[in-house]
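Please open the model in your viewer and keep the sequence panel visible. The tour below proceeds by selection, with a short account of what is found at each stop.

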Amino acid sequence: MKVINNKKELSDLIFAFKANKQTVGFVPTMGALHEGHLSLIKKSNIENDITVISIFVNPTQFNNKNDYNKYPRIIDKDIDTLKNVKCDILFIPTEEEMYPKEDTKVFDLGNLDKVMEGKHRPGHFYGVALIVSKLFELVKPHKAYFGEKDFQQVAIINRLCKIQNYEIEIIACPIIRESDGLAMSSRNMLLSAEQRENVALISKTLLASVEQSKSMTVSELKEWVISEINSNHFLDVEYFDIVNDSTLESIEDWTEREHSIGCIAVHVGSIRLIDNIRFYF
Ligand code: AMP
């Protein structure tokens, strides 16, 4: 595994691989790697000759300074973790490397950044689009891998490729969960033991909601999910919405059940977790 901090060195190396007709897969991350990240890397390894991973805690996508400051940074452990999978290039840029001057780019993300995470974390998806566009233009991968845990982010990245004319195939990968159902997340390591025991209710409720959806209207189900989770005093639902999986607009009924997805954000003390569930069965 080659560890690179410098953009020029990265693009030269990738240029050489591509000149050699090798395909490049890319997995952008913010580090504190877990099995969710590794699932993306493993898929990239299967589908490409070369896999590039980036680790960068991107300041522009944090709308909350405290969240940015306490985001886990365990780079030595991450490098150790990556020894368990094939990783050809690990790119760890500094902030100065990615943001040498003020950015003026604008992205028309349509309705996709106005709802759910976009509504509750103003500026978040601009920061995501900005860093991903910089990384895509640098790595120029054939394929890039994203997790469906951040479902709205996948929709934003697909839109970004369209508006920026990137010829990059976006591969959406399923959510990897802990044995009690909790969606893996770097932020989980910030939970206290007591909080950790209680957060399992989030995914348990989402899972149970699929069954409940057979006998409830969409609005009844939304209320049910929110009240189930809020009944646990460790948990405070920020939003739960059921949306169309391509427009991200709220759905009113179950006529397009196979395209519906329930997305949730929950505060656990000062930690914020997200998860989602499909309603087809
Ligand atoms: P992050 O480091 O949180 O920015 O995540 C980097 C990538 O890993 C994103 O595409 C995430 O959606 C994906 N990812 C994070 N957690 C999971 C998970 N539990 N299952 C699958 N993919 C995940």
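For the first stop, residues are sorted into classes: Ala, Val, Leu, Ile, Met, Phe, Trp, Tyr, Cys and Pro count as nonpolar, Asp, Glu, Lys and Arg as charged, and the others, Gly among them, as polar. Please bear in mind throughout that this is a predicted model.

**Stop 1: the ligand and its shell**

Select the ligand and display the residues around it, of which there are 17. By the classes above, nine residues of this shell are nonpolar, six are polar and two are charged. The closest are Met30, His37, Asp150, Ile176 and Met184.

Which elements supply at least two residues each to the shell? Colour strand 2 (24–29), helix 2 (35–47) and strand 5 (143–147) to see them. Helix 2 gives the largest share, three residues.

**Stop 2: polar contacts of the ligand**

Display distances from the ligand to three of the closest residues.

- Met30: a polar backbone atom of this residue lies 2.9 Å from an oxygen atom of the ligand.
- His37: an N or O atom in its side chain is 2.8 Å from a ligand oxygen.
- Met184: here a nitrogen atom of the ligand is 2.9 Å from a polar backbone atom.

Taken alone, the ligand exposes 480 Å², and the protein buries 93% of that.

**Stop 3: strand 2 and the loops on either side**

Begin with Lys21, in the loop between helix 1 (7–19) and strand 2. The phi angle of Lys21 is near 65°, a positive value in a residue other than glycine. Is Lys21 buried or exposed? With a relative accessible area of 72%, Lys21 is exposed, since the cut-off for that class is over 50%.

Next select Thr29, which belongs to strand 2. Thr29 is buried, at 7% relative accessible area. Add Ile53 to the selection: although the two positions lie 24 residues apart in chain numbering, the C-alpha atoms of Thr29 and Ile53 are separated by 7.2 Å.

Continue to Ala32, in the loop between strand 2 and helix 2. Ala32 also has a positive phi, about 55°, although it is not a glycine. Its relative accessible area is 1%, so Ala32 is buried.

**Stop 4: two buried asparagines**

Select Asn45 in helix 2. Its relative accessibility is 18%, and it counts as buried because the limit is under 20%. Which backbone oxygen does the side chain of Asn45 reach? That of Lys86, at 2.7 Å.

Then move to Asn188, in the loop between strand 6 (169–173) and helix 9 (193–212). Asn188 is buried as well, with a relative accessible area of 10%. The side chain of Asn188 reaches the backbone oxygen of Ala183 at 3.0 Å.

**Stop 5: the largest nonpolar core**

In soluble globular proteins, nonpolar side chains tend to be buried together. For the last selection, display Leu10, Val52, Val132, Phe136, Phe146, Ile170 and Leu248. Of the 46 residues in the largest nonpolar core, these touch the most other members. Helix 7 (residues 124–139) contributes the largest share of this core, ten residues.

Where does this core lie with respect to domain 1 (2–173) and domain 2 (186–274)? Colour the two domains separately: both give residues to the core, so it lies between them.

Terms used
Residues numbered from 1 in each chain as written. Predicted model: local features only at pLDDT ≥ 70, side-chain atom pairs only at ≥ 80, totals over all residues. Heavy atoms only, no water. Near = heavy atom within 4 Å. Polar contact = N/O pair within 3.5 Å; in protein donor to acceptor, adjacent residues only side chain to side chain. Areas by Shrake-Rupley, 256 points an atom, 1.4 Å probe, with all protein chains shown as cover. Helix = DSSP H or I, 4+ residues; strand = E, 2+ residues; numbered from the N terminus. Core = buried A, V, L, I, M, F, W, Y, C linked by side-chain atoms within 4.5 Å. Buried < 20%, exposed > 50% of the residue type's maximum accessible area, 1.4 Å probe, protein only. Domains from an automatic or database assignment.
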